[in-house]
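Trainee: Could you take me through one part of this model closely, and then show me how its surroundings look?

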Amino acid sequence: MRTVPLNYYLILSAIVFSIGVIGVLVRRNLIVVLMSIELMLNAVNLTFIAFSRYLGSIEGQIAVFFVMAVAAAEAVIGLAIVISVFRHHQSLDPQEMQLLKW
Amino acid sequence: MVTSEPAVFAYDLLRWIPLVPLLGSVVNLFAGRALGRKNAAVLGCTAVGASFAIALYVFFQLPAPGIFRDTIYTWIESGSFNVNLSLHVDALAAVMLLIVTGIGFLIHVYSLGYMGHDEGIVRFFVYLNLFIFFMVVLVMADNLLVLFIGWEGVGLCSYLLIGFWYHDHANTIAGNKAFIVNRVGDFGFVLGMLLLVTELGRQGIWTLDFSELQNHVRLLSPAAIGLITLLLFVGATGKSAQLPLFVWLPDAMAGPTPVSALIHAATMVTAGVYMTARLHYLFALAPTTMSTIAWVGAATAFFAATIALTQNDIKKVLAYSTVSQLGYMFLAIGIGAFSAAIFHVFTHAFFKACLFLGAGSVIHALDGEQDMRRMGGLKAHMPTTYWTYLLATLAIAGLPFTAGFFSKDLILWQAFDQGELALWGIGLITAGLTAFYMFRQLLMIFHGERSAQQHARSHPHESPAVMTLPLIILAAGSIFAGWLGAPEYLWGSRWNQFLQSVFGVEEHHGSVITEIMVTLLTLAVVAAGIYCAYVKYARAAAGIGQEPASLLYRLSLNKYYIDELYDLFIVRPFTACARFFARFVDPSVIDGAVNGIAASVRGFSWVWRGLQTGNVQHYLAGFLLGTLALLAYYIGEL
């Protein structure tokens, strides 16, 4: 059985990461922005796993566990902020949050 | 003039001489109101009295050619340059110390009565104690820098006390004048001090200690010594009111009379004399400076005496008389008679303090009247004041066996003895003028008749005992203080003997016969002065005074228009200059530069702040672009 070559994983990861970046930059909803960040983190995770498998080394998987733990924490804090922002603004559009500019 | 190295002893008691008045001042400053006016004033007197007692004790402990030293701590330590905060007492300092604390104590006691009804009596004693502290530091300083602390400190206290009654604008102006004129002199002092340090430092000796200076002074080049001493003397002319910086002293009479007696007659104004005497080894090596000092002193003595001839304000006469007597002291310094100069400081402190306090007593009795033309006939009303005033007048005029006789004669004789006949002549004439204006004053105040109109206005009364007692002590001093320094043909001078450890042995050439002849000549001139005053003022009722309106008379009455000249040539151009700068240079150049910088910064920020949209997604886009650019760069590197 032919195994899937490493490049395929990397290209898929790059595509997912780019979708995440574009989501962060252009979406007008904070929750979607948070989801896009998750997308970027998971794209990176995919790269780690691919290399771990390719090189036969365990370190990549360990890093992935760390990233997942951090992502979980980030999601918790991020959502909490989103809720309080929404209570304050009645909106989730990041373009309306410009109070701290000059 | 070679002195053997005197023995130095450490002595911790010395620091308490300045500390006690400082404590008195600080306690009164913070707790004076709580203590109550009377207690605060008594505390002020006690502090100075204790200081005097310690000084007296130290004086009797002082071994003949010895020095007491008290090093409190090292103030500045920079490489090989070392300045200690240390005090010392040698024969010269001991004498000055007794004058400052002793006369200071008497004047404090007098102030109890004189300032008794004043609202600000607590503040008065705070200042007065502070003055004693600084003056004692000045006198006991072991190096030039500590002396300078005292020097500036007494200047500050002088300023504060001249403007003591600050509700009257003229008093504040007088205080400012004293302060600013003194700044001019102090500038010279600082320059002289710096030059001394650097010049000696160039020879590898970094020091300001008096004893060290004395040991190494010969390393300096004559030109350097000349310049240093001249600059230091500029400082002395400011503090001791010599030509051309004497103008502040007559105005300083705006302060309360005890202040005039203490600061502007007996102690502070002699600081310049003391400083030059303290650095006598330096000045002795600068013949040009010495003759300058002698001539400035003689000119001041004569000049101020001629002004005093016609003044009508009781305190102004005494002020010009002080300037004149200080001139005598500098005349003595200039001819190298340091011991005689300090002797005149000593006797002058007694009789001038007595005169000022007597004048204060008169002013007090007449409810603030200071114009002598409206006095007269006070002899019957104030006998104690009259008799003490008379004794002090005799002393300043230099009648035989009074203090002024011995000290002034010593100066004149030394001038004659050294062949400085021109200086001697000026001094001689000045002695006659002194006798004239002092007896004119005495006759105008105490003799003659009081008109009924004046009787109706005020009822003069003798001052309370707390004021007359210091007067009596000072009057006794005006007679007996001089007996310490009698000439050789009488019973010899203990004074010179005592100060030999500082100034060395002074040489004399002239014979006793010449000395007596010179003295008799002085006495004749003095008698002539008194006679003129008697003829002119004894019978004339006070207040009439039909004075001749001659040119000389008007010149003298208006103080030679010196103040007006200074106003015209210095003050007005200066203020005009300041006004010009304030109106044009400051708004356009200074403010323009500052505002221009601010405006250009604002312009730049206006351009750049467009980038800061406040939108987090724009920032993230920037972040992404930056990351991509870095990535492209590193890939390009590969």
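Mentor: Gladly; let's start where helix H8 of chain B ends, since H8(B) is followed by B:Ala241, whose phi is positive, near 55°. Most residues other than glycine have a negative phi, and most peptide bonds are trans. A little further on, the peptide bond from B:Leu243 to B:Pro244 is cis, with omega near 0°, and B:Pro244 sits in the loop between H8 and helix H9 (248–251) of chain B. Before we go on, please keep in mind that this is a predicted model, in which local features need pLDDT of at least 70 and side-chain atom pairs count only at pLDDT 80 or more, while totals for chains, interfaces and linings use all residues. Residues are numbered from 1 along each chain as its sequence is written, and chains are lettered from A and ligands numbered from 1 in the order in which they are written.

Now for the helix itself. Helices here are DSSP runs of H or I with at least four residues, strands are runs of E with at least two, and both are numbered from the N terminus. H8(B) covers residues 222–239, and its 18 residues should span 26 Å at 1.5 Å a residue, which agrees with the 26 Å between its end C-alpha atoms; the expected span is 1.5 Å times one less than the number of residues. Among the buried residues of H8(B) are B:Ile225, B:Ile228, B:Leu232, B:Phe233 and B:Lys239. Buried means 20 or more other C-beta atoms within 10 Å of the residue's own, exposed means 12 or fewer, and partly exposed is in between, with C-beta atoms placed from the backbone. The buried residues of H8(B) pack against several helices of chain B, including H5 (144–162), H6 (169–202) and H13 (287–308); a contact here requires C-beta atoms, placed from the backbone, within 7 Å.

Positive phi turns up elsewhere in chain B too. B:Asp367 has a phi near 55° without being a glycine, and its place is the loop between helix H15 (338–365) and helix H16 (383–397) of chain B. B:Asp367 counts as exposed because it has 10 C-beta neighbours inside 10 Å. B:Phe401, also not a glycine, has a positive phi of about 65° and lies in the loop between H16 and helix H17 (403–417) of chain B. With 14 C-beta neighbours inside 10 Å, B:Phe401 is partly exposed.

B:Phe446 belongs to helix H18 of chain B and is buried, with 25 other C-beta atoms within 10 Å. Apart from neighbours within four places in sequence, B:Phe446 is in contact with B:Leu378, B:Lys379, B:Tyr386 and B:Tyr389. B:Phe446 is also 9.6 Å from B:Met372, C-alpha to C-alpha, although 74 residues separate them in sequence.

To set all this in the whole chain, chain B has 25 helices and 3 strands. Its C-alpha trace spans about 115 × 65 × 55 Å along the principal axes. Of the 638 residues in chain B, 50% are buried. Among contacts in chain B with a separation of 6 or more, 81% join residues 24 or more positions apart.

Key
Two residues are in contact if their C-beta atoms, placed from the backbone, lie within 7 Å.
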